[in-house]
Amino acid sequence: MQGRGARDRRATLTHAARDGIIEVMTWRWLSMLILVCALLACSPQASTPTNAPASLPTSAPTSLARAVPDCMPNIVAALDVPATFAPRFPFPSDLRVSATSNYFNDPNHIKVVGYTTLAFMDTAKYLNNALPKVGYKIVNSDAEQSEAEASFIGNGFSGAYVVRPMRACPSVTELTVVTLKQ
């Protein structure tokens, strides 16, 4: 039979191991956050800025889009993408913009959120293929089972996007894009 001291040492070691894992996970997330912030705020200008409007000449093939499911968010009036958003960003053709906002009251640091019926992985593949065609370079990308993300630079902007299937409606993909004019 083990005494109380042995149990206390095991408990202490268990807590230390758990705390060590949490610390490593925290440092990984912090490192990723610093990398994304550095890319968004400090990326060198990849090309000269264009004054092209935010219209989107490149769009996802409509053959990949699916019928609009009943569970898709009911966006009465889709919002327009701000004119100061990254020019020629290739949003999927059926994207319904649900929110736009500025970070730090900076009109050049913009977040756009929208929904598409394009499948989750098709949306990520589409963006990774379409961005270079309109002057953006993919700097970093990562895809998991339930989320894909990438950072990019070009046309005088740096930015990042995240795509994920909606929890309440898995046949709809949520797209969030953040850009910063350099």
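**An aromatic cluster and a six-stranded sheet**

Phe89 is buried, its relative accessible area being 0%, where buried means under 20% relative accessible area, exposed means over 50% and partly exposed lies in between (1.4 Å probe, protein chains only). The model is a predicted one, in which local features need pLDDT of at least 70 and side-chain atom pairs count only at pLDDT 80 or more, while totals for chains, interfaces and linings use all residues. Residues are numbered from 1 along each chain as its sequence is written, and side-chain values use heavy atoms, with hydrogens and water left out.

Six aromatic pairs are found in the structure, a pair being two rings of Phe, Tyr or Trp (its six-membered ring) with centres within 6.5 Å, called stacked if the planes are under 30 degrees apart, edge-to-face if over 60 and tilted otherwise. The ring centres of Phe89 and Phe91 lie 4.8 Å apart and the ring planes stand at 55 degrees, so this pair is tilted. Phe91, like its ring partner Phe89, is buried, with a relative accessible area of 3% for Phe91. Through ring pairs, Phe89 and Phe91 belong to a cluster that also takes in Phe85, Tyr136 and Phe152.

The sheet was examined next. Six strands form an open sheet, in which the order is 1-2-6-5-4-3 and the pairing is antiparallel; helices (H or I, at least four residues) and strands (E, at least two) are DSSP runs numbered from the N terminus, and two strands pair if DSSP finds at least two bridges between them. Strand 1 and strand 3 (136-143) stand at the edges, where each has a single partner strand, so one side of each is left without a neighbour in the sheet. From one strand to the next, the twist averages 15 degrees, with axes fitted as lines to C-alpha atoms (for helices over the stretch in contact) and angles running from 0 to 180 degrees between N-to-C directions.

At one edge, strand 1 (residues 96-102) runs antiparallel to strand 2 (residues 109-116), and six bridges join the two. Arg96 has Tyr115 of strand 2 as its bridge partner. Six residues lie between the strands of this hairpin, in which Phe104 takes a positive phi near 55 degrees.

At the other edge, strand 3 is joined by seven bridges to strand 4 (residues 148-154), and these two strands run antiparallel. Here Ala143 stands opposite Ala148 of strand 4. Helix 2 (residues 120-133) packs on the sheet, where it touches strand 2, strand 3, strand 4, strand 5 (157-165) and strand 6 (173-181), and its direction makes about 160 degrees with that of strand 5; contact means heavy atoms within 4.5 Å.

Single residues of the sheet add detail to this picture. Ser141, which lies in strand 3, counts as partly exposed at 41% relative accessibility. When neighbours within four places in sequence are left aside, Ser141 is in contact with Asn128, Glu149 and Ala150. From Ser141 to Ala160 the separation is 19 residues in sequence and 9.3 Å in space, taken from C-alpha to C-alpha. Ser158, whose place is in strand 5, counts as buried at 0% relative accessibility. Thr176 lies in strand 6 and also counts as buried, at 15% relative accessibility. Not counting residues up to four places away in sequence, Thr176 touches Lys111, Val112 and Val113 as well as Ala160, Tyr161 and Val162.
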